[in-house]
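Work through the exercises below with the structure open. Try each task before reading its solution.

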Amino acid sequence: MLTPTEKIWHNGRFIPWQEAKIHVLSHVVSYGSSVFEGIRCYETPSGPRIFRLREHIRRMEDSSKIYRMPVPFSSQQLREAMIELVRLNGLSSCYIRPIVLRGYGEMGVHSGRNPVEVYIACWEWGKYLGEEALAAGVDVCVSSWNRIAPNTLPALAKAGGNYLNSQLMRMEANLNGYVEAIALDEAGYVSEGSGENIFVVRDGKIFTPPLGASVLPGITRDSILQLAAEAGLPVIETIIPREMLYIADEVFFTGTAAEVSPIRSIDRITVGAGCRGPITERLQKEFFAIIDGKKPDRFGWLTPVGA
Ligand code: PPE
């Protein structure tokens with residue numbers, strides 16, 4: 001269960017957690033009209049730091065643009081709101097969830113006259129795929145559900161509605177005893193997890209599906225691409241056939257919530273040696289060294305929250 005914090009930001013004001021309510025007939029409830037972000041704030045020796053805030057705000061603005069749902073606040077206002085929210089709630093590490101939604105007004109699919117509302121909440125959120133996952137790896141399956149198809153729901157938008165597909169994937173996986181599922185895209189190529197991007201390693205080369213494979217343009221994905229490039233590890237963004245998953249040396253998920261999580265089996269087929277592989281470990285260590293403030297923030301990924 002969620003542990004409430006003191007404040008939630010709503011349209012420019014801080015309101016008590018318990019008062020962040022919407023009407024049941026708000027457009028978003030019937031029609032799924034929301035876009036959102038998930039951002040982590042990490043505790044470092046020099047205080048809390050928000051990870052890639054600029055990129056998350058940009059993606060939320062992109063999502064809003066795709067859905068013709070202009071955010072009634074500037075990037076700078078959103079940025080300041082998030083920094084202030086974390087500070088006010090007194091959390092040293094947390095997960096920040098800004099949501100842009102179509103609110104209460106008219107009923108019906110066409111939503112031009114419903115107000116666009118913005119809420120930002122934050123709370124403490126632990127390890128997404130379990131405590132053990134980051135070291136030992138997780139057991140996953142290929143979903144019987146495909147990922148959202150091109151030109152149906154736009155995958156580059158992080159919209160609430162996309163997560164109906166994610167829910168089908170995740171529920172099925174969990175009921176069948178798996179931690180998470182990997183979806184194939186409409187053409188049958190590897191797409192992504194219900195809430196993670198995916199990377200596959202074979203013979204020292206790293207592969208990840210391109211943005212055209214119905215994946216969310218993950219910010220952790222982008223961070224791993226940068227870390228791999230810096231380390232001189234070759235990364236190929238290309239379509240990946242399902243069976244590549246079974247014969248890979250290493251497979252791992254990336255995501256804000258899941259961070260960098262190794263996968264140790266897929267459909268009960270052991271991946272590589274059945275534990276976190278060396279390339280996964282190397283990238284994971286580099287990633288954690290930056291977010292934990294153990295290595296300098298050489299890519300400019302961290303935003304201080306201040307006193
Ligand atoms: N794909 C999907 C479908 C997805 O939801 C996420 C994030 C990613 C890829 C990775 O993107 P990024 O976080 O920018 O690296 N999923 C968020 C939602 C988790 C949730 O259960 O809610 C997250 O990781 O915060």
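The exercises treat the ligand site and then a salt bridge in this predicted model.

**Exercise 1.** Find which residues come nearest to the ligand, and sort the shell by residue class.

*Solution.* Start with the shell. It holds 22 residues around the ligand. Tyr95, Tyr128, Tyr163, Thr220 and Thr256 come nearest. Now sort by class. Seven residues of the shell are nonpolar, nine are polar and six are charged.

**Exercise 2.** Identify polar contacts of the ligand with Arg59, Tyr95 and Gly195, then state how much of the ligand is covered.

*Solution.* Apply the cut-off: N or O atoms within 3.5 Å. Take the side chains. Tyr95 places a side-chain N or O atom 2.4 Å from an oxygen atom of the ligand. For Arg59, the side-chain distance to a ligand oxygen is 2.8 Å. Then take the backbone. A nitrogen atom of the ligand lies 3.2 Å from a backbone N or O atom of Gly195. Finally, the cover. On its own the ligand has 550 Å² of accessible area, and the protein covers 93% of that.

**Exercise 3.** Locate the ligand among the pockets, and list the elements that give two or more residues to its shell.

*Solution.* First, the pocket. The ligand takes up the space of the largest one. Next, the elements. Strands β6 (94-102), β10 (190-193) and β14 (250-255) each give two or more residues to the shell, as does helix α6 (219-230).

**Exercise 4.** Which residue forms a salt bridge with Arg59, and where do the partners sit?

*Solution.* Use the 4 Å limit between side-chain nitrogen and carboxyl oxygen. The count comes to 18 salt bridges. One of them joins Glu37 to Arg59, with the closest N and O atoms 2.8 Å apart. Place both ends. Glu37 lies in the loop between β3 (34-36) and β4 (39-44). Arg59 belongs to helix α2 (residues 53-66). The pair is 22 residues apart and links distant parts of the chain.

How values were computed: Residues numbered from 1 in each chain as written. Predicted model: local features only at pLDDT ≥ 70, side-chain atom pairs only at ≥ 80, totals over all residues. Heavy atoms only, no water. Near = heavy atom within 4 Å. Polar contact = N/O pair within 3.5 Å; in protein donor to acceptor, adjacent residues only side chain to side chain. Areas by Shrake-Rupley, 256 points an atom, 1.4 Å probe, with all protein chains shown as cover. 1 Å grid on protein atoms, 1.4 Å probe; cavity = no way out; pocket = protein on both sides within 12 Å on 5 of 7 lines; lining within 4 Å. Sits in = over half its atoms within 2 Å of the grid points. Helix = DSSP H or I, 4+ residues; strand = E, 2+ residues; numbered from the N terminus. Nonpolar A, V, L, I, M, F, W, Y, C, P; charged D, E, K, R; others polar.
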